[in-house]
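Me: Could you take a close look at one part of this structure with me, the part around one strand and its cysteine, and then walk outward from there? I am in my first year, so please go step by step.

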Amino acid sequence: MELDKDDLQRGLKYIVGTWQVDFLVNAFSNDLAHIPATEWKSEDGTDFTAINFEFFEDHTMVMKDTSKGKEVQGTWEQTGWSDFHYTLNDFIDIPDSTFKQNAEKLSMQDGNLVFSIGFIAVSMKKIAEGTITKEPDIGDIEMTDAEHEMLEITGRYRTVRAFGFVDGKMDLFTKEEVKAENDKKLAAGEIDEHEAQQAMMAFETVAEIGDDHKISYWTKVPEGTSEETIKEAIEAGEIEEYRDGMFCSKKQPWKYVKGKYYYDTGEHVELFGEVQSPWAEITYDEDGLLILMGGMCRMKKEE
């Protein structure tokens, strides 16, 4: 399984910290009852809560037997969306075998980490969070003087493909394809003129990427819109500017850092309860068209 950056970050946040044996399950029992770790004791009276695992962000770890003060160092890696593997430098009293291999595998289950020792499943609960160094957000990184001069991306870009419905399919279509679909639906009485205009709005949009490090989105003012209406919209903050029959609906900061172009989408996104950066990389598709507006359109730079 190929893990992406988000998978690995989520796994890191999940595992880093200290884990203690919580309960055990005997696979041969009739009811698969959870046996509290405090009730499963060795001959010297030590229970399983003495076993702790501590995982660190640099992919090292330590297994501790707190009753004897013994520690064994090791490493860990994420092997799947909810699976991990750890390797101890000196595995305690278990020779190389399938038995050992299964004991080295960890799986997320109901918020715990689970491994097996033979027919016994050992479930650990997290008792302390570890330290994870947070990378600076793109928005917090200041451009250097040299990065300020990276202006190759500046210019006017016009939408040449946009998401729409054509022949019952939602995909990226050209202006001609969307217009043909509109004409067909208008003739059949399935949409009215207003809906047809709305479907074509994306193709009336121009993105200006300026050397002031702002992306301005300009859209053609709908026919019949009065000057008074435009003035009221500007005063209400609904539009940024108006000129030459077009209005600026919004402006987004952009920057060049770490060898790439980024723009502030202004979106609030959470992944597994963690707020994600609103800054997205500005990329191009296989045809060299600029991808903006959350991927909803493809834009070509005007000559």
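Reply: Happy to. Let's begin with strand S21 (residues 290-292), which pairs with S22 in the antiparallel sense over three bridges. Please keep in mind that this is a predicted model. To find the pairing by eye, look for Ile291, which stands opposite Arg298 in S22. S21 and S22 form a hairpin with four residues between them. In that turn you will find Met293, with a positive phi of about 55°.

Now for the other partner of S22. Strand S22 (residues 297-301) also pairs with strand S10 (residues 155-166), again in the antiparallel sense, and here there are five bridges. A handy marker for this pairing is Arg158, which stands opposite Lys300 in S22. One general idea helps when you look at strands like these: in a regular strand the side chains alternate between the two faces of the sheet.

Next, the cysteine. Cys297 is found in strand S22. Is Cys297 buried or exposed? Cys297 has a relative accessible area of 1%, and it counts as buried because that is under the 20% limit. What does Cys297 touch, once its neighbours within four places in sequence are left aside? Its contacts are Thr159, Arg161, Ala162, Leu172, Leu290, Ile291 and Leu292. You have already met one of these, Ile291, as the residue opposite Arg298. For a sense of how the chain folds back, compare Cys297 with Thr174: they are 123 residues apart in sequence, but their C-alpha atoms are 9.9 Å apart in space.

With a cysteine in view, you may wonder about disulfides. How many does the structure hold? The number is zero. Cys248 is in no disulfide, and its nearest cysteine sulfur, that of Cys297, is 15 Å away. Cys297 is in no disulfide either, and the nearest cysteine sulfur to it is that of Cys248, 15 Å away. A disulfide needs the two sulfur atoms within 2.5 Å, so a separation of 15 Å does not count as one. Like Cys297, which is buried, Cys248 is buried, with a relative accessible area of 0%.

From here, let's move to a pair of helices. Helix H4 (residues 175-187) and helix H5 (residues 193-200) pack at an angle of about 170°, with their axes 10 Å apart. Because angles over 145 degrees count as roughly antiparallel, H4 is described as roughly antiparallel to H5. On the H4 side, the contact is made by Lys175, Val178, Lys179, Asn182 and Leu186. On the H5 side, Glu193, Ala196, Ala199 and Met200 take part. Sorted by class, this contact has five nonpolar, one polar and three charged residues.

There is another set of paired strands to visit. Strand S1 (residues 17-26) and strand S9 (residues 120-129) run antiparallel and are joined by nine bridges. Within that pairing, Leu24 stands opposite Val122 in S9. S9 is also joined to S8 by five bridges, and these two run antiparallel as well. Here, Ser116 stands opposite Ala121 in S9. S8 and S9 form a hairpin with two residues between them, and Gly118 in the turn has a positive phi of about 65°.

Just before S8 there is a loop worth a look. Asp110 lies in the loop between strand S7 (105-109) and strand S8 (112-117). Its phi is near 50°, a positive value in a residue other than glycine. Asp110 is exposed, with a relative accessible area of 84%. Asp244 also has a positive phi, of about 50°, although it is not a glycine. You will find Asp244 in the loop between strand S14 (241-243) and strand S15 (246-257). Asp244 is exposed too, with a relative accessible area of 72%.

Our last stop is Ser82, in the loop between strand S5 (70-78) and strand S6 (83-88). At 22% relative accessibility, Ser82 counts as partly exposed. Apart from its neighbours within four places in sequence, Ser82 is in contact with Leu106, Ser107 and Met108. As a way to get your bearings across the model, try Ser82 and Lys250: they are 168 residues apart along the chain, and their C-alpha atoms are separated by 40 Å.

How values were computed: Residues numbered from 1 in each chain as written. Predicted model: local features only at pLDDT ≥ 70, side-chain atom pairs only at ≥ 80, totals over all residues. Heavy atoms only, no water. Buried < 20%, exposed > 50% of the residue type's maximum accessible area, 1.4 Å probe, protein only. Axes fitted to C-alpha atoms, helices over the stretch in contact; angles between N-to-C directions. Parallel < 35°, antiparallel > 145°, perpendicular 65-115°, else oblique. Contact = heavy atoms within 4.5 Å. Nonpolar A, V, L, I, M, F, W, Y, C, P; charged D, E, K, R; others polar. Pairing = 2+ DSSP bridges.
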